[in-house]
Amino acid sequence: APVLVWFRDDHRLSDNPALSGAAATGSQVLCFYVLDDASEGIRPLGGAARWWLHGSLKALSEALERAGSSLLVLRGSALGLVDSVVRKTGASAIYWNRRYGAAEIAVDSAIKKRLSDGGTKVHSCSGRLLHEPWEITNQSGKPFQVFTPYLRAVKARSIKPPLPAPRRLEGGVWTPSILNQAAPIAELGLEPTSPDWAGGIWHEWQRGELAAQAKLSHFIETGLKGYAEGRDRPSKAGTSRLSPHLRFGEISPRQVWRSVMNAVAAEPGLERDADKFLSEIVWRDFTHQLLHFHPHLPDRPHSSRFESFPWIEDRLSLKAWQRGRTGYPIVDAGMRQLWQTGWMHNRVRMITASFMVKHLLTDWRQGEAWFWDTLVDADPANNAFSWQWIAGSGPDSAPFHRIFNPVTQGEKFDPEGDYIRTYVPELAQLPRAFIHKPWEAPPAVLRETGVVLGETYPHPIVPHGPARERALKAFRSMRDLT
Ligand code: FAD
């Protein structure tokens, strides 16, 4: 009998424990993916992530074909579909890598129970994280709530070496009754047609396992040295840009870990930068651990005090923020980078998120939802955790009263204004001294550089000082209520 591999956000052949486990049986290996837009509680992917998924599935399908197998894509509710695939193929076993969201776990548990009761072996493997969420605990066996001791605990353990890709898969043939149910990737409607808003995203990214590995090698060669400082400069290619690849499992954190450690072994001077970079990879594990133990992270403030926060609903301000028309150049550059390329630099994610939550007093869930729709790396754990971190309501958060000043943040992290010049071209001619605060430029400078505030570029939609005071007052009022 054949064995099945159910791919879910682990779109790679190397270091894929489910695939390697199936290949090791020596049986025919049948691989499939389910676009599950029907199971209860599974959050539909946003637009940019759907775009990524399209290319990612195509690349996976081609890679499986090269290895001797293929990828069958199904659409619908996983519970019924997986059961029917097992029955119709007469498979003896099914392999998958675990997921950590509550709705996904509920689906997987139900499937596992049904299949095990029917005599099919179910192998759920660990392929998404460095460690499973329940493996890293404090001395009393509880999950960590704070990152630093979590990181220390991770560093005290060894990281499993990544698995090689199976050399050759013994592919099987799907029966016509299953093939009839299959959906060609091109017909899933994942990529936009008209209007095709994905032009800038196409330009920026290549999807799939090979692209992910090339990206990692390129980063190790050109970006790792100096990462500790370079990672805070949005105008530079100072970070790895591996996030969408990690999100869709085109590369595993263990592979990243191993390659970076190899680079350090060859060049010990890299150690400090590598340490910083790998701690970001551990952050990713940490947010997944938090999501696993706090499944409401994406939709409810972790700290219940924040349930009473007096958020303001102001559609116009929210729209100005989304479109990059707040009048604060660093905020607008970030929001436009996001819209054009499906990605935003981490430092600017923090500035734009803080601006939306604190200057505009908009509920963090609105920002989380916008990022969910527009980021190619939109990730249930990283996105929800980061928004709550900014809002001050999450576990191990920045305190609410730390309110970024968008002008000084811009001056500090984009001192030449190059990032602004790229994404806010209407300000490109402004001299450095005014590029983060065009409203302070003398009229003659504005005239010479073609900037007409209120016409070519907006006035700030809220003044910084009063907005800051308003935010602090709102925060205090919340405390009074509880
Ligand atoms: P690098 O600096 O090269 O880091 C390598 C990898 O480490 C990243 O690919 C990512 O997987 C992980 N990582 C880095 N920073 C963080 C972090 N702060 N928290 C958790 N993991 C991290 N990241 C996402 O992957 N998906 C999201 O939806 C997401 N939403 C965010 C929303 C907000 C408001 C903020 C402030 C941050 C968010 N991040 C998110 C975290 C971070 O901004 C991105 O992971 C990072 O910018 C990706 O770029 P990179 O791959 O070049 O990062």
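I started with residues 1–130, where the chain is 43% helix and 21% strand. The end C-alpha atoms of that stretch lie 32 Å apart. I kept in mind that this is a predicted model. I then looked up the stretch in UniProt: an unreviewed entry lists residues 1–130 as "domain: Photolyase/cryptochrome alpha/beta".

Next, the domains. I noted three: domain 1 (1–127), domain 2 (129–161 + 209–293) and domain 3 (304–481). Domain 2 is thus written as two segments, 129–161 and 209–293. I checked the separation of domain 1 and domain 2 and found 26 Å between their centres, taken over C-alpha atoms. Their contact draws 16 residues from domain 1 and 14 residues from domain 2. I sorted the domain 1 side by class: six nonpolar, six polar and four charged residues.

Then I turned to the ligand. Which residues come nearest to it? I found T239, S240, S243, N383 and S386, out of 27 residues around the ligand. By class, the shell holds 11 nonpolar, eight polar and eight charged residues. I asked which helices supply at least two residues each to this shell. My list has α10 (243–247), α12, α15 (346–359) and α17 (380–391). Where does the ligand lie relative to the domains? Domain 2 and domain 3 both give residues to the shell, so the ligand lies between them.

Helix α12 was on that list, and I followed it further. I took its pairing with α5 next. The axes of α5 (residues 147–155) and α12 (residues 271–293) come within 10 Å and cross at roughly 110°. An angle of 65 to 115 degrees counts as roughly perpendicular, and α5 and α12 are therefore roughly perpendicular to each other. On the α5 side I listed F147, Y150, L151 and V154 as making the contact. On the α12 side I listed S279, V282, W283 and F286. The class count for this contact is seven nonpolar, one polar and no charged residues.

Last, I looked at α11 against α12. The axes of α11 (residues 253–266) and α12 also come within 10 Å, and they cross at roughly 170°. Angles over 145 degrees count as roughly antiparallel, so α11 is roughly antiparallel to α12. From α11, I wrote down P253, V256, W257, V260, A263 and V264 as contact residues. From α12, I wrote down E271, A274, F277, L278, I281, R284 and D285. I counted classes here too: 10 nonpolar, no polar and three charged residues.

Terms used
Residues numbered from 1 in each chain as written. Predicted model: local features only at pLDDT ≥ 70, side-chain atom pairs only at ≥ 80, totals over all residues. Axes fitted to C-alpha atoms, helices over the stretch in contact; angles between N-to-C directions. Helix = DSSP H or I, 4+ residues; strand = E, 2+ residues; numbered from the N terminus. Parallel < 35°, antiparallel > 145°, perpendicular 65-115°, else oblique. Contact = placed C-beta atoms within 7 Å. Nonpolar A, V, L, I, M, F, W, Y, C, P; charged D, E, K, R; others polar. UniProt positions renumbered as here; feature names shortened; annotations may be inferred. Domains from an automatic or database assignment. Near = placed C-beta within 6 Å.
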